[in-house]
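Work through the exercises below with the coordinates open. Each task is followed by a stepwise solution.

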Amino acid sequence: MSTFADVRKAAWDTETTGPNPLDDRIVTAAFIVRGGGRDDRVFSWLINPGIPIQAEASAVHGITDAMVQADGQDPKTALDEIATNLVRAIEWGMPVIAFNHSFDWSILHYDLLRNGLPTMTDRVGSGPLPLIDPHVIDKQVNQRVRGSGQRKLKPTADRYGVALTDWHTAEADALAALLIAEAQFDRHPHLNGWDPQGLFNAQQKWRAEQQASLQQWFRTKATPEQGGAPDKVIDGSWPLIPAQRAGGES
């Protein structure tokens with residue numbers, strides 16, 4: 001019987017003008033296909049978003065206004081290509097992996113809308129879809145991780161023995177998410193017992209519980225400097241969630 005590490009799977013990542021998926025835009029993205037006894041395939045895009053890239057975001061991913069103005073693709077063309085690759089993988093039944101999937105899915109949704117293109121919901125429906133989020137899975141199977149920032153991509157990768165050198169390029173972050181997912185399915189064999197629909201539904205449930213727990217912490221324990229007592233509750237639905245990446249980092 002094939003293991004998760006053996007099957008053909010896809011992973012993707014976006015880097016953006018800032019942390020707000022409703023208003024910010026994709027500036028670079030990567031889509032990786034790997035496994036199944038076939039050669040890896042890597043697709044990447046540099047996009048001119050038409051708005052300034054926040055300095056904090058550029059400091060994380062290294063993409064500047066000058067770079068996208070000189071070499072960035074037209075957003076409508078690039079976004080449609082990104083969505084098309086995702087649709088193909090989903091229709092072929094591949095697991096599609098992203099770390100903090102809700103952010104990438106949401107910002108793509110709003111960027112597609114902004115450019116007059118069909119959204120992912122228009123293209124493939126709202127689910128169940130073969131989407132995998134190692135961030136959600138990690139918080140479910142490792143509930144006692146302590147320390148500020150330890151749920152971000154690089155510390156999570158460290159816990160699963162995933163080592164890369166060029167963090168925060170879209171290609172590297174997509175590959176890291178894929179390798180973390182492989183390690184999770186190896187370390188926690190019960191994950192292999194879910195069919196795609198069951199795992200999708202389980203992740204929805206887990207993420208809703210995680211968001212509720214986070215909001216409870218904000219209300220009862222967080223200091224004002226940590227964003228305590230927010231007056232808005234984060235929506236627990238998935239995959240479309242107006243969620244932010246803390247500090248602009250995966």
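A residue is called buried when its relative accessible area is under 20%. The model is predicted.

**Exercise 1. Is Asn100 buried or exposed, and what is its phi?**

Step 1. Locate the residue: Asn100 sits in the loop between β4 (96-97) and α4 (101-114).
Step 2. Apply the cut-off. Asn100 has 10% relative accessibility, so Asn100 counts as buried.
Step 3. Check the backbone. Asn100 is not a glycine, yet its phi is positive, about 60 degrees.

**Exercise 2. Compare the expected span of α3 with its end C-alpha distance.**

Step 1. Take 1.5 Å times one less than the number of residues.
Step 2. α3 has 17 residues, so the expected span is 24 Å; the end C-alpha atoms are 24 Å apart, which agrees.
Step 3. Inspect the start of α3: a side-chain oxygen of Asp74 comes within 3.2 Å of the backbone nitrogen of Lys76.
Step 4. Look past the helix. Gly93 follows α3 and has a positive phi, near 80 degrees.

**Exercise 3. Which element gives the most residues to the largest nonpolar core?**

Step 1. The core has 29 residues; Trp12, Ile82, Leu108 and Met120 touch the most other members.
Step 2. β1 (9-16), β2 (26-35), α3 (75-91) and α4 each supply at least two residues.
Step 3. α3 gives the most, with eight.
Step 4. Another core lies apart from this one, with 25 residues, including Ala11 and Val162.

**Exercise 4. What does Ile82 contact beyond four places in sequence?**

Step 1. Ile82 is among the buried residues of α3.
Step 2. Its contacts are Trp12, Ala29, Trp45, Ile47 and Leu108.

Notes. Residues are numbered from 1 along each chain as its sequence is written. This is a predicted model: local features need pLDDT of at least 70, side-chain atom pairs count only at pLDDT 80 or more; totals for chains, interfaces and linings use all residues. Side-chain values use heavy atoms; hydrogens and water are left out. Helices (H or I, at least four residues) and strands (E, at least two) are DSSP runs, numbered from the N terminus. Buried means under 20% relative accessible area, exposed over 50%, partly exposed in between (1.4 Å probe, protein chains only). A nonpolar core is a set of buried Ala, Val, Leu, Ile, Met, Phe, Trp, Tyr and Cys residues joined through side-chain atoms within 4.5 Å. Contact means heavy atoms within 4.5 Å. A polar contact is a pair of N or O atoms within 3.5 Å; within protein, one must be able to donate a hydrogen and the other to accept it, and residues adjacent in sequence count only if both atoms are side-chain atoms.
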